[in-house]
4 protein chains.
Amino acid sequence: MQLGLIGLGKMGFNMRERLRKAGHEVVGYDRNPDVTDVASLADLVGALEAPRTVWIMVPSGDPTRQTVQQLGELLSEGDLVIDGGNSRFTDDSANAAHLDTKGIGYLDCGVSGGVWGLDVGYGLMVGGDKKHVEHAMPIFDALRPEGPREEGFAHAGPVGAGHFSKMVHNGIEYGLMQAYAEGFELLEASELVTDVPATIKAWQRGTVVRSWLLDLLVRALDSDPELDDLRGYVEDSGEGRWTVEEAINHSVPAPVISAALFARFASRQDDSPAMRAVAALRNQFGGHAVQKA
Amino acid sequence: MQLGLIGLGKMGFNMRERLRKAGHEVVGYDRNPDVTDVASLADLVGALEAPRTVWIMVPSGDPTRQTVQQLGELLSEGDLVIDGGNSRFTDDSANAAHLDTKGIGYLDCGVSGGVWGLDVGYGLMVGGDKKHVEHAMPIFDALRPEGPREEGFAHAGPVGAGHFSKMVHNGIEYGLMQAYAEGFELLEASELVTDVPATIKAWQRGTVVRSWLLDLLVRALDSDPELDDLRGYVEDSGEGRWTVEEAINHSVPAPVISAALFARFASRQDDSPAMRAVAALRNQFGGHAVQKA
Amino acid sequence: MQLGLIGLGKMGFNMRERLRKAGHEVVGYDRNPDVTDVASLADLVGALEAPRTVWIMVPSGDPTRQTVQQLGELLSEGDLVIDGGNSRFTDDSANAAHLDTKGIGYLDCGVSGGVWGLDVGYGLMVGGDKKHVEHAMPIFDALRPEGPREEGFAHAGPVGAGHFSKMVHNGIEYGLMQAYAEGFELLEASELVTDVPATIKAWQRGTVVRSWLLDLLVRALDSDPELDDLRGYVEDSGEGRWTVEEAINHSVPAPVISAALFARFASRQDDSPAMRAVAALRNQFGGHAVQKA
Amino acid sequence: MQLGLIGLGKMGFNMRERLRKAGHEVVGYDRNPDVTDVASLADLVGALEAPRTVWIMVPSGDPTRQTVQQLGELLSEGDLVIDGGNSRFTDDSANAAHLDTKGIGYLDCGVSGGVWGLDVGYGLMVGGDKKHVEHAMPIFDALRPEGPREEGFAHAGPVGAGHFSKMVHNGIEYGLMQAYAEGFELLEASELVTDVPATIKAWQRGTVVRSWLLDLLVRALDSDPELDDLRGYVEDSGEGRWTVEEAINHSVPAPVISAALFARFASRQDDSPAMRAVAALRNQFGGHAVQKA
C-alpha cells in the first residue's frame, strides 16, 4: 500500500527501505534534502491518494506534536496518522483528540529493534481503534519480523497503549542491561576468571541468560575485549524516567528499573554532590580523611 | 567415552540421557534405587576403567563435599573428578587440593539450562587445568548445545573459575527476571494496556528485550494469562546471595542484582518487621493510623 | 498579631493553640462545627482587619487549591495568604499568580513536627517575597521552636521553595526511617542480640545515629518491644513520590529514597504480581516448585 | 578503677583522657613512644594489679587478633579483656574461647561517637557474661555520656552481641548519611531553593529529620556552603559490608543500607566497567553515540 513517512533519520530511513523491499510505495519527507523524496509536508500529502496513511518518525516531544498539528491542517477526513516515534504515551490522547475533530484517525506505535530492524524487522506495539489497526496492517506486517505475527506485533489497547507498552519495554531494557553490566564488572574484578570475553561468549547457547542483548555484548567484546575504548558514561532518552514515574503513579515497586536509571545518572557526574555530603559527614564525626577537590 | 555420574535428580537424570544419546557410556549412581545403575559409590568406581572420569551432580554444600571426600578414598592417581553442581566457588580449591594429594584431578563446571538442557544442551563454564579440560572434552561436547563450541562452553580459568562464572551468571539471571517482572506488574497495573499477554508475546521477535527468559514468560502467560494460579513467593538457592557477597568483596556496585535478591527475601515474609518499624515511627510523630496485627 | 487559620485538624488545631499561647489573635475556620471559631470563610475574612493574613492548613491538592480560589474572591489588595499544608510545590506558582492578579500576596510554608509541634514548635521552610516573609514573621516566630530563629526557620527562596524544601525533607525522612527499620529487622533476626529494645535505647546518647526519629523508635519499643501489635503496612502521603520524581527531573540519583518509597508500596501488597512472574519463570526453566495461589 | 588500655590513636587517646578525668587509673600502651605510658605490652600487664582489666582499642582484624593472642600469654586467670575496636563480631567467639582456656574473661564492646566522645561520651554496646559486664561497669560508666545509663549503654547479649550491635549501628549510619546526602544534592540541583545551607540549618529544631548527623551537616556547610572543597569520594571501613552480608545471611531485605554501600563503591571509581558495558550495548543496538576513553 501507499505510505507517507515523515522523518528519515536512523530509524525512518531504514524503515522506508524495508517497506519498499516489501513492495510498498513510500513517500518519505525529511528536512535533510539528501534523503527526502518531497520538498515539504504539503508535497508529501499531495503525493498520496486519499484515504492517506502517514507515519511520523521524528523525535518525541515538540517535533512530534508540531508534526501532528501540521498534519491536522493538511490531511482530510478518513486519513490516518501513526506516531511511531518514542513519544510519551501521555501525548497520544491529545494528538488523537486533535485529529479526531477533523475525522482523521490516529494510532500510536512503539517500535523496537534499533539499527538492526532493517534486516531483522521491528517489534511493534500499537494503540488505537481496531479499524485503524486493520487498515494499516500491511505496513505493520512489512515492518515486523518474519514469523508468526503475534510474536512481533501486538494491538496492546486503545490510543496510548502502544507507547505505554514501548515505555515499559524500554524500562525493562534498562534493567536487563544493568544486570549484564554488573555481572561483567564482577567477572572483570575477579582474579579467578581469566578469560572474561570467552566466558560471556559461552553464555550464548543453552544458558538461562541467553538473549539478544547478550549477543550484542559478545559482539562488543569481540572488538574491544575489556571495553576500554569507551567511557562509562551513559545517556538516557526518557523512557526509563517515564517508566519509574508511571511505576510511582501506580504504586508499583520498581527497584531494579530505578536502580538502572540512577546508575546512568551517576555515570554522568564528574563528582557527586551527595557523596561530597557523605564524605563531609564522615570527616565531621570521625575525623576521617577526605580527598580535597 | 566412559563416565561415572553421581546424582540422578532433575539435572543428572537428563544429563545421563543426553550423554547416552551422544554415544557415551554412563554409569550413574543415585541413592534412589529406581534410577541408579549401581548400588554404591564403590560399585560405580569399580565399574569404570582407569583412568576414570567421575561427574558429581548432587546438591551443593555438604553433599558435594562429602562425595568428594569419598571419591578421594575410592579413586586412584590419574583419575578425574568434575563437580558440575551449584557449589560455591570457594569450595573448589579445598576439593581440588584434597584430591590432588592423591594425584586425582579436579574440574569445576557451572551448568546452565535447567530442565530444557536434555534437548537444547547445557551452557558450560569450566575451571581447572587445561589437560583435564581436554581430557573431558568429549563429555563437554556432548552436553553443550549444538553450534560453535565457544558459544556454549568456556574454559573460564583455573579451579574455581567455573563455579564463579556460574554464580555470576545466576546473579545476572536474578536481575533479568526482576526486570521483566517489574515490567509485567506495571503493564498489569495500567488501565491502558488491555492485552498484557499479547503485548509481552509480541516482544519475542525484533525487540531489544527478546530473550529466552522472555520466551518462558510468554509460555507461562499462555497457560495462566494473569499468573494468578500461583503466589508471589520466590525461593533462592544461594548463587544470588554469593554474587552480592562477591560484589561486596570486590567493591563492585551491584544495585540491580541486590535489589532482585532482596525482592525475593521480601516475597517470603508474611509481615515485614522493618515495615512495622516504619509504621510505628509514622504513628509516633504524626499520629498516622496503623493497621493492627 | 491577627491571623485567620483555615483547617483545624491534627496540625491546624494545635497550631491555633500554640499561636494563642504566644499572644496572637487567631480566628480559626473548619467545617467541623465543634472546633471552628466562625461559620464560614466569609465570616473569617470579615472578622479580620485589613491587611489580613490568612493561613491555609487543609489537605493538599483540590482542597487547598479551592481554598485559594475562594480566598481570591474574599480577600483584598494588600492581604497575604500562606499555604502551610503539604501541597506539591508545583501548585504554588499557580496559586501565587492567581492571587497576585488581585494584589494579594502569597507564601508557601513547609511545616514539620507532627503532633509534637504544639509543645516543641514546628520546623518551618518558607518560599516567597521577602516583604511578605517579614510581615508574617511574628507568626513564624511563635510557631517555630525556641532557640535561634535560623535553626527552626528558613526563608528558602521564592514562591515554591518552601514546599520544595519540605518535600525534600520528607524524602530524607523516608530514607532515615527505612534505615532504622532495616537495622531493627536485622537485630531482631540475629540470635546474638538478646535484648533488642535495650540495644536501640542505648543509641540515644553519644552515638552517631542518635536522632529524634530514634527517640521515637525507642518510645514505640517501650510500649511494644517487638512491634508486633501492628502490621508492616505503610501508607505514603505523596512527598516521597514527588521527591523521587524531582530527582528524576533533575537527573539526581536517589537510590535510598526510592528504595524506601518502594518498600512502602510493597508493604501494601498482599501478593506481588512481579514476584508471581519471577516464580513462574523459575518454574519454567528449572521446574522449581511454586506456591499455588 | 585500674585499666590497661592498648591503642592510643584517635579513639584510644581520647578515651584515656576521659577515663582519667573520671578518676580512673589508666595505663596506656601504644607503639608510638610519644603517647604511650609503658614500653611494651608486658610492661603494661606488669603495671596492673590482679585481677587486671585490659581494653584493646587497635585496628580490627589481624592487629586485634594478635593483641588477644599476646594477652593470652601475658595475663592470668581471673583477668578480663575487652575488645572495644571495630572488630567483626565473628572474631569474638574465637577470641573469647582462646582466652577462656586460660581462665581469662572476654567482653566485646561496640563504641560509637568518634572524635566527639571525649567531651560528649561514647555510646556503648557490650556482649559477654553478666559478671564481666558488672566488673567493668565503672569503666563503662565513665566512658558513656551523662544521663540515664540505659540511654548510652546496653548489655546486648552474649559474646559477639556488642560488635554485632555496633555493626548494625554503622549499617544504619550508612543509610542515614546517604538519605541526607541525596536530599542535599536535590536541593542543590533545584533552581527554586536559593539558600540551601540556610534551609538545612532550619531543620535542626522541630523537624522530623533533626539528628546529630544533621547537626554535623550544618557544621560542614557553615565552613563550606556548597561542600566544594572536597571530592565526592567516600571510603568505607567494613561495618557496612558486614551489615549487608549479615542481612543476606538472615534473609533480611536491606535495600537502603546496600544502596548506601554501593554508592560509596561507585564514588571511588574513576570509570565504571559496568557503565562501559551499558554504553557499549546502547551503541550496539541503537547506534547511540559513546564517549571514547
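D:Gln2, D:Gly4 and D:Ile6 point one way from strand S1 of chain D, while D:Leu3 and D:Leu5 point the other way, and all are buried. Buried here means under 20% relative accessible area, exposed means over 50%, and partly exposed lies in between (1.4 Å probe, protein chains only). In a regular strand the side chains alternate between the two faces of the sheet. S1(D) covers residues 2-6 and is mostly covered, with five of its five residues buried. Strands (E, at least two residues) and helices (H or I, at least four) are DSSP runs, numbered from the N terminus.

The model is predicted, so local features need pLDDT of at least 70 and side-chain atom pairs count only at pLDDT 80 or more, whereas totals for chains, interfaces and linings use all residues. Residues are numbered from 1 along each chain as its sequence is written, chains are lettered from A and ligands numbered from 1 in the order in which they are written, and side-chain values use heavy atoms, with hydrogens and water left out.

S1(D) has parallel partners. Five bridges join S1(D) to strand S2 (residues 25-29) of chain D, and the two run parallel. Strands count as paired if DSSP finds at least two bridges between them. D:Gly4 stands opposite D:Val27 in S2(D). The chain passes from S1(D) through helix H1 (residues 10-21) of chain D to S2(D), and this β-α-β crossover is right-handed. Right-handed means that, with the strands pointing away from the viewer, the path from the first strand over the helix to the second runs clockwise. Three bridges join S1(D) to strand S3 (residues 53-56) of chain D, again in parallel. D:Leu5 has D:Trp55 as its bridge partner in S3(D).

Chain D also meets chain C. In this interface, 75 residues of chain D are in contact (heavy atoms within 4.5 Å) with 75 residues of chain C. The two chains bury about 6100 Å² between them, 70% of it on carbon and sulfur atoms. Buried area is the accessible area (1.4 Å probe) that two parts lose on being put together, summed over both. D:Leu186, D:Arg205 and D:Val208 supply 12% of the area that chain D buries against chain C, more than any other three residues.

Polar pairs also cross this interface. Two salt bridges are counted between chain D and chain C. A salt bridge is a side-chain nitrogen of Lys or Arg within 4 Å of a carboxyl oxygen of Asp or Glu. The side chains of C:Arg205 and D:Glu151 form a salt bridge at 2.7 Å, N to O. The count of residue pairs in polar contact is 24, both residues at pLDDT 80 or more. A polar contact is a pair of N or O atoms within 3.5 Å; within protein, one must be able to donate a hydrogen and the other to accept it, and residues adjacent in sequence count only if both atoms are side-chain atoms. Elements that give two or more residues to the side of chain D touching chain C include strand S6 (123-127), strand S7 (153-157) and helix H8 (161-189) of chain D. H8(D) gives the largest share of that side, 19 residues.

Chains A and B form another interface. Here 76 residues of chain A are in contact with 75 residues of chain B. Chain A and chain B bury about 6100 Å² between them, 70% of it on carbon and sulfur atoms. A:Leu186, A:Arg205 and A:Val208 lose the most area to chain B, together 12% of what the chain A side buries. Two salt bridges cross between chain A and chain B. A:Arg205 and B:Glu151 meet through their side chains in a salt bridge (2.7 Å, N to O). Residue pairs in polar contact number 23, both at pLDDT 80 or more.

Over all chains, the structure holds 52 salt bridges. Side chains of opposite charge can pair when their charged atoms come close. C:Arg65 and C:Asp91 form a salt bridge at 2.9 Å, N to O. C:Arg65 is in helix H3 (residues 62-74) of chain C, and C:Asp91 is in the loop between strand S4 (80-83) and helix H4 (92-100) of chain C, 26 residues apart. C:Arg65 is partly exposed at 33% relative accessibility, whereas C:Asp91 is buried at 15%.

D:Asp37 forms a salt bridge with D:Arg16, with the closest N and O atoms 3.0 Å apart. D:Asp37 lies in the loop between S2 and helix H2 (41-46) of chain D and D:Arg16 in helix H1 of chain D, so the pair ties together parts 21 residues apart in sequence. D:Asp37 is partly exposed at 36% relative accessible area; D:Arg16 is buried at 7%. In chain A, A:Arg16, A:Arg20 and A:Asp37 are linked in a network of salt bridges.
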